[in-house]
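Please find below a colleague's note, set out as numbered points. The sequence and structure come first, and the comments follow.

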Amino acid sequence: MKKFVLFSIILLLAACASMSSGPSASATLGSISGSNASGTVKLTQLGDGSVRVTVDLTGVPPGVHGFHIHDKGDCGDNGNAAGGHFNPATTAHGAPSVDPHHAGDFGNVTADADGRVHTEFTTRSVTIEAGPNSAVGHAVILHANPDDLVTQPTGNAGARIACGIVQLNP
């Protein structure tokens, strides 16, 4: 019985460690290219090294939209100053569920009929902590069209309609 209790405690502690939160960052997205899309993206480093991404947007045209972290931390020129997708390992563009893919390839988000996006996912492609894959200081871009997940190097996702810069939370 003592072994079972000890084993149960170890499993519980391991589960809590993987779900504990580390540093966090966020981006406030503003409308660009004449859109009305805006909102927030929150990134939280989890104990197992993954990052939980929570997306809350409004004013988005209903439907599917490409969603990426881009190379530069600049939303100027209707988001074009953000450069290409964040790609520190110089890999091919692709779906976030397939390797390889750019670190910033987050795939697509879907806006409901009222123009709201609320989604949450976990990724191991970026970090919050300092290092080559840190998302901090990079732009988050919402695109006008879906990412087809195959066209190189951008997924053919179209115009950039919202942009914000990832900043470390105090």
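**Comments on the disulfide, cores and aromatic cluster**

1. The count of disulfides comes to 1. This is a predicted model, and the bond in question joins C75 and C163, with the two sulfur atoms 2.0 Å apart. The torsion about their S-S bond is about -75 degrees, so the disulfide is left-handed.

2. The disulfide links distant parts of the chain: C75 sits in the loop between β4 (63-69) and β5 (105-111), whereas C163 belongs to strand β8 (residues 160-165), and the two are 88 residues apart. Are the two cysteines buried or partly exposed? C75 has 23% relative accessibility and therefore counts as partly exposed. C163, at 5%, counts as buried because the limit for that class is under 20%.

3. The largest nonpolar core has 27 residues, of which V41, L43, F67, I69, V126, V140 and L142 touch the most other members. Two or more residues come from each of β1 (21-31), β2 (38-46), β3 (51-58), β4, β5, β7 (139-143) and β8. The most is given by β3, with 4 residues. In soluble globular proteins, nonpolar side chains tend to be buried together.

4. Which residues are in contact with V140, leaving aside its neighbours within four places in sequence? They are A27, L29, V41, F67, H68, I69, A162, C163, G164 and V166. Apart from the largest core lies another, of 5 residues, including I32, A139, I141 and C163. The disulfide partner of C75 is thus a member of this other core.

5. The aromatic pairs number 2. F67 and F106 form a tilted pair, 6.1 Å centre to centre and with 35 degrees between the planes. This pair also links distant parts of the chain, with F67 in strand β4 and F106 in strand β5, 39 residues apart. F67 is buried, its relative accessible area being 0%, and F106 counts as buried at 6% relative accessibility.

6. The ring centres of F106 and F121 are 5.2 Å apart and their planes stand at 75 degrees, so this pair is edge-to-face. F106 lies in strand β5 and F121 in strand β6 (residues 117-123), so the pair ties together parts that are 15 residues apart in sequence. F121 counts as partly exposed because its relative accessibility is 23%.

7. Taken together, F67, F106 and F121 form one aromatic cluster. One of its members, F67, is also among the residues of the largest core that touch the most other members.

Key:
Residues are numbered from 1 along each chain as its sequence is written. This is a predicted model: local features need pLDDT of at least 70, side-chain atom pairs count only at pLDDT 80 or more; totals for chains, interfaces and linings use all residues. Side-chain values use heavy atoms; hydrogens and water are left out. A disulfide is a pair of cysteine sulfur atoms within 2.5 Å. Buried means under 20% relative accessible area, exposed over 50%, partly exposed in between (1.4 Å probe, protein chains only). A nonpolar core is a set of buried Ala, Val, Leu, Ile, Met, Phe, Trp, Tyr and Cys residues joined through side-chain atoms within 4.5 Å. Contact means heavy atoms within 4.5 Å. Rings of Phe, Tyr and Trp (its six-membered ring) pair if their centres lie within 6.5 Å; planes under 30 degrees apart count as stacked, over 60 as edge-to-face and the rest as tilted.
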